[in-house]
Amino acid sequence: PVADFRDRSVMAFDRRNLTGLDLDVAGDQISLAADEPGKWRIVKPRPLRADADMVADFLEKLEGAKALEFADDAPKSLAPYGLDRPSRVTVWLGRDKDRSSRTLLVGRPVPEKKGVYVKRDGEPGVLLTAEAVWTTFPKTVAVLRDKTVVTYAYDKLTKVELAHGRGSVTLEKDGTGWKLTAPEALKADSAAVTGLLWKIRDLRALGFLAESPAEAPRFLPRPEVTVRLWEEGAKEPRTLLLQSSTERRGGQPVAVAAVRGEGPVMLVEGKMLADLAPGIAELRAAKLVFDEVKA
């Protein structure tokens with residue numbers, strides 16, 4: 001059949017050459033820019049960091065999308081396919097005078113076929129492609145923005161200080177491992193410290209309360225947990241603040257979090273108040289001493 005010889009690529013492009021991305025869902029427009037491959041930032045409707053993993057997942061699905069069916073090569077109406085009022089994605093390739101774009105119109109999902117109707121801008125034919133093109137489509141700024149609470153370079157950390165209701169604990173890098181320097185000098189359990197630092201690195205916002213760092217004192221008048229992270233060469237630490245909240249998300253307690261001097265103010269899982277507040281007993285290295293007894 002002729003269909004077996006047709007090009008099934010929905011939108012041919014090379015992700016390595018992408019410099020921009022425009023999204024339009026129900027009239028809400030979002031624009032992103034990549035200063036270098038894979039590093040995306042939102043530029044419209046306002047400057048924000050973008051969730052790089054979410055963008056990469058969507059672009060992977062878009063680049064690899066194939067036509068499951070050639071639904072209609074010359075449709076009399078686009079309405080049956082939901083393409084009369086479509087969502088749009090435009091990819092921008094190259095820079096300056098070499099810059100070019102390609103646009104795909106995304107229409108009605110077809111759950112029974114696990115697909116969605118799409119159409120290349122400027123071409124008449126309607127295609128059915130995998131539903132992943134629509135399910136991974138970033139539909140709002142709130143979904144697309146980066147939800148990382150605090151960023152740091154693990155290999156450059158030299159000191160970590162934790163202050164909470166159980167007291168204060170200070171950790172310092174000791175070769176390839178860690179040591180406790182306060183409230184007393186002890187060897188630290190490297191696995192426990194690494195687990196703690198990974199929890200900090202993987203902390204994600206559930207919601208956003210305010211964008212300006214000036215708003216932080218209003219939401220965090222009395223922080224219950226303070227985490228200070230010193231990186232090699234930095235004059236001041238990055239300081240993460242957490243305080244319990246009366247709000248709930250999905251029936252679960254949440255906490256308010258912010259990085260001092262930076263925006264935004266966020267909501268995070270309430271259990272992080274305990275997870276990021278270990279005492280010295282949880283962080284010190286356990287030593288087992290075996291006495292050899294000779295008969």
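**View 1. Residues that line the largest pocket of the predicted model.** The largest pocket is lined by Ala50, Asp51, Ala52, Asp53, Asp146, Lys147, Thr148, Val150, Thr151, Tyr152, Arg201 and Arg204. A pocket here is an open set of points, on a 1 Å grid over the protein atoms alone, where a 1.4 Å probe fits and where protein lies on both sides within 12 Å along at least five of seven lines, and lining residues have an atom within 4 Å of a point. Its volume is about 310 Å³, a volume being the space filled by probe spheres set on the points, with grid points joined across faces, edges and corners. Sorted by class, this lining holds 4 nonpolar, 2 polar and 6 charged residues, where Ala, Val, Leu, Ile, Met, Phe, Trp, Tyr, Cys and Pro count as nonpolar, Asp, Glu, Lys and Arg as charged, and the others, Gly among them, as polar. This is a predicted model, in which local features need pLDDT of at least 70 and side-chain atom pairs count only at pLDDT 80 or more, while totals for chains, interfaces and linings use all residues. Residues are numbered from 1 along each chain as its sequence is written, and side-chain values use heavy atoms, with hydrogens and water left out.

**View 2. The second largest pocket and the cis peptide bond at Pro264.** The second largest pocket holds about 150 Å³ of space and is lined by 15 residues, of which Arg49, Asp146, Thr148, Gly263 and Pro264 lie nearest its centre. Its lining divides into 7 nonpolar, 3 polar and 5 charged residues. Gly263 and Pro264 are joined by a cis peptide bond with omega of about 0°, and Pro264 belongs to the loop between β17 (252-259) and β18 (265-269).

**View 3. The open sheet from β4 to β5, with helix α1.** In this antiparallel open sheet, 9 strands follow the order β4-β3-β2-β1-β6-β7-β8-β9-β5; strands (E, at least two residues) and helices (H or I, at least four) are DSSP runs numbered from the N terminus, and two strands pair if DSSP finds at least two bridges between them. Because β4 (48-49) and β5 (67-72) stand at the edges with a single partner strand each, one side of each is left without a neighbour in the sheet. Strands β2 (residues 28-36) and β3 (residues 39-44) run antiparallel and are joined by 5 bridges, with Ala33 having Arg41 as its bridge partner in β3. Helix α1 (residues 52-64) lies across β1 (18-25), β2, β3, β6 (87-93) and β7 (100-110), and runs at about 90° to β1; contact means heavy atoms within 4.5 Å, and angles run from 0 to 180 degrees between the N-to-C directions of axes fitted to C-alpha atoms, for helices over the stretch in contact.

**View 4. Two loops beside strands of that sheet.** In the loop between β3 and β4, Pro45 follows a cis peptide bond from Lys44, with omega of about 15°. Ala26, placed in the loop between β1 and β2, has phi near 55°, a positive value in a residue other than glycine.

**View 5. The open sheet from β13 to β14, with helix α4.** Here 9 strands pair in the antiparallel sense in the order β13-β12-β11-β10-β15-β16-β17-β18-β14, and the edge strands β13 (186-187) and β14 (207-210) each pair on one side only. Helix α4 (residues 190-201) packs on this sheet, touching β10, β11, β12 (177-182), β15 (225-231) and β16 (238-249), and its direction makes about 90° with that of β12. Between β10 (residues 157-164) and β11 (residues 167-174) there are 6 bridges in the antiparallel sense, and Glu161 stands opposite Thr170 in β11.
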